[in-house]
Amino acid sequence: MADKGKKKAPSMRLDKFLAEMGRGTRAQVKDMVRKGRIQINGQVVKTPEVKVNPEEDRVSLDGGIVEYARMEYYMLNKPQGVVSATEDGRHTTVTELIDTALRRDLFPVGRLDIDTEGLLLITNDGELAHSLLSPRNHVDKVYRVRFQGRMPSDGEQRFKEGIVLDDGTKTLPARLKALGGSEAEVTVQEGKFHQVKRMFQALGCQVVYLKRLSVGPLELDENLETGQYRPLSEAEIAALKNCKSASIENEGIG
Ligand code: URA
């Protein structure tokens, strides 16, 4: 059992530890303690106020070890038909697909439409999520697009200038790379509602397939089938945290 004040590593209350790992509310943990269901380093816990060091102490509930993770980061290849939310009455949610997660407070970083596929970061790191999503940080989000309709000849130029959407708002400068036929790669630095679809609509085209390929330095792992996920590597997490704003304008294409 962690002795108060003796250990250098940060410690936390047992009930917070278990609540964060989705094992119950503080009130429920109190009840578990009363029933002798919780042990720390093999000793039955007597009070929920006891402190544990998540890195050193072994916490078990009903004989099973409870692992602790302060932060979790997953890359999901989102399939169509799944919603970018944590709860939904009708559809499966992206966080439900992360079925080996330790924490119960994971959320998707931004939203992909229900019919959009591809890279979605799932984490509980609110600070990182905020920095990746803020339009002020100009983090590139790259999409593969299949569309119907005739792309106007000045389509790339209009993307560079920013496009006025149906509600009168103008997007930040973006990049359109024609891939031939009815395919294109699009880079945007913000996440307005249905942004890519509405940008194409403004040019008289209709998006029929959309897949996100990357967010800043993080690229979708080609080995992930739709619906599959994996934890990010330490290097990927570090790259996302250090990711400097890109500027479409300053690259000489805006
Ligand atoms: N733009 C869209 O229109 N939909 C998405 O899911 C993502 C970007």
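## Ser84

Ser84 is buried, with a relative accessible area of 4%, which is under the 20% cut-off for that class. The model is a predicted one. In sequence, Ser84 belongs to the loop that runs between β7 (73–78) and α3 (94–97).

The side chain of Ser84 has a polar atom 2.9 Å from the backbone oxygen of Leu112. Leu112 is also among the residues that Ser84 touches, leaving aside those up to four places away in sequence. The others are Lys78, Val94, Pro108, Gly110, Arg111 and Leu120.

## The largest pocket

The largest pocket holds about 560 Å³ of space. It is lined by 28 residues, and those closest to its centre are Gly110, Arg111, Leu112, Asp113 and Gly191. Gly110, Arg111 and Leu112 appear among the contacts of Ser84 as well.

Two or more lining residues come from each of β9 (116–123), α4 (126–133), β10 (141–148), α6 (195–202) and β13 (206–215). Sorted by class, the lining consists of 15 nonpolar, six polar and seven charged residues.

## The whole protein

Seven helices and 15 strands make up the secondary structure elements of the protein. Its radius of gyration is 23 Å, well over the 18 Å given by the globule rule for 254 residues, so the protein is more spread out than a compact globule. Along the principal axes, the C-alpha atoms fill a box of roughly 75 × 40 × 35 Å.

Of the 254 residues, 44% are buried; Ser84 is one of the buried residues. Among contacts between residues at least 6 apart in sequence, 65% join residues at least 24 apart.

Notes:
Residues are numbered from 1 along each chain as its sequence is written. This is a predicted model: local features need pLDDT of at least 70, side-chain atom pairs count only at pLDDT 80 or more; totals for chains, interfaces and linings use all residues. Side-chain values use heavy atoms; hydrogens and water are left out. Helices (H or I, at least four residues) and strands (E, at least two) are DSSP runs, numbered from the N terminus. Buried means under 20% relative accessible area, exposed over 50%, partly exposed in between (1.4 Å probe, protein chains only). A polar contact is a pair of N or O atoms within 3.5 Å; within protein, one must be able to donate a hydrogen and the other to accept it, and residues adjacent in sequence count only if both atoms are side-chain atoms. Contact means heavy atoms within 4.5 Å. On a 1 Å grid over the protein atoms alone, a cavity is a set of points where a 1.4 Å probe fits but cannot get out, and a pocket is an open set with protein on both sides within 12 Å along at least five of seven lines; lining residues have an atom within 4 Å of a point. Grid points are joined across faces, edges and corners, and a volume is the space filled by probe spheres set on the points. Ala, Val, Leu, Ile, Met, Phe, Trp, Tyr, Cys and Pro count as nonpolar, Asp, Glu, Lys and Arg as charged, and the others, Gly among them, as polar. The radius of gyration is taken over C-alpha atoms; the globule rule is 2.2 Å times the number of residues to the power 0.38.
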